[in-house]
Amino acid sequence: MRRTAAIAIALAMLAGVSCTASSPEPIRIGAVYPLSGAQGPGGVDEFEGVRLAVQLVNADGGVGGSRIELIPVDTPSADAAPGAIAQLHDDGVRLVFGSYGSTISEPAAEASARRDMLFWETGAVGEMTGRGAGRLVFRVAPSGAILGRNAIAFVADEYAPVLGVDPSKLRYAVTLVDDAYGRAVAQGALDELAARDLHLVGRFGYDPRDVNMHAFVRDLAASRPDVMFVSAYLHDAIVMRREMVRQGLDVLVGIGTSSSYCMPTFGSTLGKDAVGLFASDKPASGALNVEGLTPDGRALFERARAAYTRRFGGEMTAAALAGFSGAWALLHDVLPAAARPTPAAIATAANAVDLPQGSLPNGSGLRFGEPGTVTAGANVLASSVVWQWQAPGEYAVVWPPRYATSPIERLDPLP
């Protein structure tokens, strides 16, 4: 491009025309993530994945020659989301990445759609709601309902045979943090239990701000569960698990989801008390069989992994890999296909994109549900996996076979 510009300037000078070289205007994209507060650790990870995608796209020349300018706004809670979107709108930003947390995603997406801004969700798993879904609001990550359904399906179809038990004879308990995230994921588990006519012994919700975990686990134990499904945040999941061990609540299967059981801190904090537990979530770079990716997906995975390791010295967490994959999908596969960098044109391009499973480095493809349907704006090719903590601080993907790095091990979660 520099050589072309130099030739053009030389020709203009020869023609006696004065001209000035100029660069295309940058494409400015906001980023609303919890960079502090209770969801800060995961929010920072996901934002760093987004930022890495921006850096690699810019290193490749940007989008149509325009650099991407990322504008982060710390959004630590749901009540901060509308103000963050308003701040970006007042600054002339019309495209927004977000937001790691489902409680943040819902108000941020609604505020964006109300201002005719495009909101691109990279990691939150709450259901797509409001008038913007599929028109100005898109989610690349799998839904919470999918994570919950997959957790129960995995127990019934994959782990029960390993244990040598009939899944219809087991007693299932569903626990959840009572907010948009917890309800979305738990509802998926409840729906799958109902569809399979499996025995639900109780739905146990709690408020993490004032829960008495001793009493909560005591009530849970009274239902005599064989399988415990957990939708929780990191801190309360750790406290709950410690209280289960203290009270001797022994279950055949313990399986949690994103924001807790899948996080490295969960395993490193609990040590041996996490061994045998499962997590239904998005994959991390250190626990993914890359042979299941497409050739282009593998190449991108290795490039992103190497860049992340150089920068941070470790593997990409599930949140970081989701952030990178979601941002890359917009910057590399959608924006270049848009007629103009406007919310409406980008939405049209997004609804037309169709990438097969394994095209993104987290194992996902990219295809959004038809506008006007219940899956509008949701990536119907989003991938999720099931992890198992197989030793203190060590986990492996055990399902689906395409992305598994280890066979399922028969481990008692409370030996």
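**Talking through S259, the pocket and helix 2**

Student: Where is S259 found?

Tutor: S259 is found in the loop between strand 9 (253–257) and helix 9 (264–270); helices (H or I, at least four residues) and strands (E, at least two) are DSSP runs, numbered from the N terminus. This is a predicted model, in which local features need pLDDT of at least 70 and side-chain atom pairs count only at pLDDT 80 or more, while totals for chains, interfaces and linings use all residues. Residues are numbered from 1 along each chain as its sequence is written, and side-chain values use heavy atoms, with hydrogens and water left out.

Student: Okay, is S259 buried or exposed?

Tutor: S259 counts as buried, because its relative accessibility is 11%, and buried means under 20% relative accessible area, with exposed over 50% and partly exposed in between (1.4 Å probe, protein chains only).

Student: And which residues is S259 in contact with?

Tutor: Leaving aside neighbours within four places in sequence, S259 is in contact with Y100, Y181, A232, Y233 and L234, where contact means heavy atoms within 4.5 Å.

Student: Y233 rings a bell. Which residues lie nearest the centre of the largest pocket?

Tutor: Y233 is one of them, together with A38, Q39, D179 and P208, out of 22 lining residues. The elements that give two or more residues to that lining are helix 2 and helix 8 (234–247), and helix 8 supplies the largest share, 3 residues. A pocket here is, on a 1 Å grid over the protein atoms alone, an open set of points where a 1.4 Å probe fits, with protein on both sides within 12 Å along at least five of seven lines, and lining residues have an atom within 4 Å of a point.

Student: What volume does the largest pocket have, and what is its lining by class?

Tutor: The volume is about 540 Å³, meaning the space filled by probe spheres set on grid points joined across faces, edges and corners. The lining has 11 nonpolar, 6 polar and 5 charged residues, with Ala, Val, Leu, Ile, Met, Phe, Trp, Tyr, Cys and Pro counted as nonpolar, Asp, Glu, Lys and Arg as charged, and the others, Gly among them, as polar.

Student: Back to helix 2, then. How many of its residues are buried?

Tutor: In helix 2, 14 of the 20 residues are buried, so this helix is largely enclosed by the rest of the structure. Helix 2 (residues 40–59) reaches 28 Å from its first C-alpha to its last, close to the expected 28 Å at 1.5 Å a residue, that span being 1.5 Å times one less than the number of residues. Just after helix 2, G61 takes a positive phi of about 110°.

Student: Switching to E121: where is it, and what does it touch?

Tutor: E121 is found in strand 4 (residues 118–121) and counts as buried at 1% relative accessibility. Not counting residues up to four places away in sequence, E121 touches E46, G98, S99, Y100, S105, F138, R139, V140 and A141.

Student: Which helix does S105 lie in?

Tutor: S105 lies in helix 4 (residues 102–114) and is buried too, at 12% relative accessibility. With the sequence neighbours up to four places away not counted, S105 touches S99, F119, E121 and A124.

Student: Last one: what does L414 contact?

Tutor: L414 lies in the segment after strand 12 (394–399) and is buried, with a relative accessible area of 16%. Beyond its neighbours within four places in sequence, L414 is in contact with R241, V245, G248, L249 and D250. The C-alpha atoms of L414 and D273 are separated by 7.3 Å, although these residues are 141 apart along the chain.
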